Amino acid sequence: MHTVEKIGGTSMSRFDEVMENILLGGRSDDALYNRIFVVSAYSGMTNLLLEHKKTGEPGVYARFADAHSEDAWLDALEGVRSRMVQKNAELFDTDYERSAADHFVQERIDDARDCMQSLQRLCTYGHFQLEEHLMKVREMLAAIGEAHSAHNTVLALRSRGVNARMVDLTGWHQDAPMEFEDMVRKGFESIDPATELAVATGYTHCKAGLMNTYDRGYSEITFAEIATVTSAREAIIHKEYHLSSADPMLVGTDKVVTIGRTNYDVADQLSNLGMEAIHPKAAKSLRRAGVELRIKNAFEPEHDGTLISQSYVSDRPCVEIVAGRKDVFGLEVFDQEMLGDVGYDIELTRLLKQLKLYVVNKDSDANSITYYVSGSRKMVNRAARLVEERYKDAEVTVHNVAIVSAIGSDLKVKGMLARMMSAMAEAGISVQGAHQSIRQVQMQCIVREEDYAQTVAVLHRALVEREGYEDVISAA
């Protein structure tokens, strides 16, 4: 009857509040237990260890991968050591906890430094190529941030009299990697949730290598696997915000509604738009295991948050969320040779995958197909050139667009798409494209990039506020 709960890096950086709101939350004695926590590295720490997620500024890993001498990355690693020790000083007042936290950091950083120096020396010999080992180095460095956070959490809980125990899934000093599920199962085989509060690392070392597939989305994959393997009653993600009917910054905090319930279909649509309630692969694991997911605001613990389940459908058809993304390019391919050739776009899809362009959606007619992709302008332009080289008669055009979706667990009501288009026409917004699937969990429109914010506000006003669905959306 336990829960598995994940706390993200941004929340962990406000640790005193996390301790009072979540980890303790006014509980005492037995009420403290039957909970398993999965924690991420403190905000910004993984950026220092790898590279900055948004700007690409190199961290230890990026410097090591490009380095011809150890000086290029060693200073960065020492910078991480200093930042971790500084974080320990911020968290712990007593000498015992701070000394224990610092010792843990020193040991992990020293191990990583020795390993990387040895690898760099080894790869001066022609038989060994650094590129073959870089992913393992990347995983090792990421693991340090996760272990630091988990170890500190356990120290802090024990200082409050909680029987806390760290579950280190990073595989540090492990003889050989195991399968992912086996690694998680082994980590928890001796844990008694009824008497111990387990704190697990968000990174799990395994044969497949989580970062090979999920890169920096690995913590939610670990979270979902723990919930599945331990047969959790409920999985909970603590975020810095509520899952709401729209972005409050675009619509207004007084207009948005916190969603009480929804289903995994809706969560998948949000993931496709880059607004993950949870990583889609993690959601898939929870869905298959029949584990319900709750999204809670870490700093409003009294609120029940949003419960996501497989079977939920709103009491009446309604739009639950208006969301979108504006970092989108429309890659339009016009070719009269396309007509009747069902395999025409196979090579196109393969090309976009090779360039690591994320396809948000696509549409087609008799002689054209448009991919709506997310990625750098440089890569999109390169894709356009390669398509023109591959298809000599094709005309390729790149459009700067935004995608806005009206999403709900049940949109099967006549006229809703018409109301969507009418509201945009009344607001003077030019619709570049529109789409509604047979499954009817979302209506999607393509607009000019500069119209994104207005489109979200207009659709929320027309489909949520004006329709009076607040009671349905917020129902627990």
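Modeller: Domain bounds come from an automatic or database domain assignment. The structure is a predicted model, in which local features need pLDDT of at least 70 and side-chain atom pairs count only at pLDDT 80 or more, while totals for chains, interfaces and linings use all residues. Residues are numbered from 1 along each chain as its sequence is written, and side-chain values use heavy atoms, leaving out hydrogens and water.

Colleague: Thanks! What distance separates the centres of domain 1 and domain 2?

Modeller: The assignment gives domain 1 as 3-240 and domain 2 as 321-474. With their centres taken over C-alpha atoms, the separation is 37 Å.

Colleague: Which strands are the edge strands of the open sheet?

Modeller: Strands (E, at least two residues) and helices (H or I, at least four) are DSSP runs numbered from the N terminus, and two strands pair if DSSP finds at least two bridges between them. Here 6 strands follow the order E10-E11-E9-E12-E14-E13 with antiparallel pairing. Pairing on one side only marks the edge strands, E10 and E13.

Colleague: How many bridges join E13 to E14?

Modeller: Strand E14 covers residues 442-448 and runs antiparallel to E13. One residue pair to look for is His-435 and its bridge partner Gln-444 in E14. The number of bridges joining the two strands is 5.

Colleague: Which residue forms a salt bridge with Asp-265?

Modeller: A salt bridge is a side-chain nitrogen of Lys or Arg within 4 Å of a carboxyl oxygen of Asp or Glu. For Asp-265, the closest N and O atoms of the pair are 2.7 Å apart, and the partner is Arg-439. The pair links distant parts of the chain, 174 residues apart: Asp-265 sits in helix H12 (residues 264-272), and in the loop between E13 and E14 you will find Arg-439.

Colleague: Is Asp-265 buried or exposed?

Modeller: Buried means under 20% relative accessible area, exposed over 50%, and partly exposed in between (1.4 Å probe, protein chains only). Its partner Arg-439 is exposed, because its value is 56%. Asp-265 has a relative accessible area of 13%, so Asp-265 is buried.

Colleague: Which residue forms a salt bridge with Asp-268?

Modeller: The closest N and O atoms of this pair are 3.0 Å apart, and the partner is Arg-287. Asp-268 lies in helix H12 and its partner in helix H13 (residues 280-289), so the pair ties together parts 19 residues apart in sequence. At 24% relative accessibility, the partly exposed partner is Arg-287.

Colleague: Last one: is Lys-356 buried or exposed?

Modeller: Lys-356 lies in the loop between helix H14 (346-354) and strand E10 (358-364). With a relative accessible area of 75%, Lys-356 is exposed.
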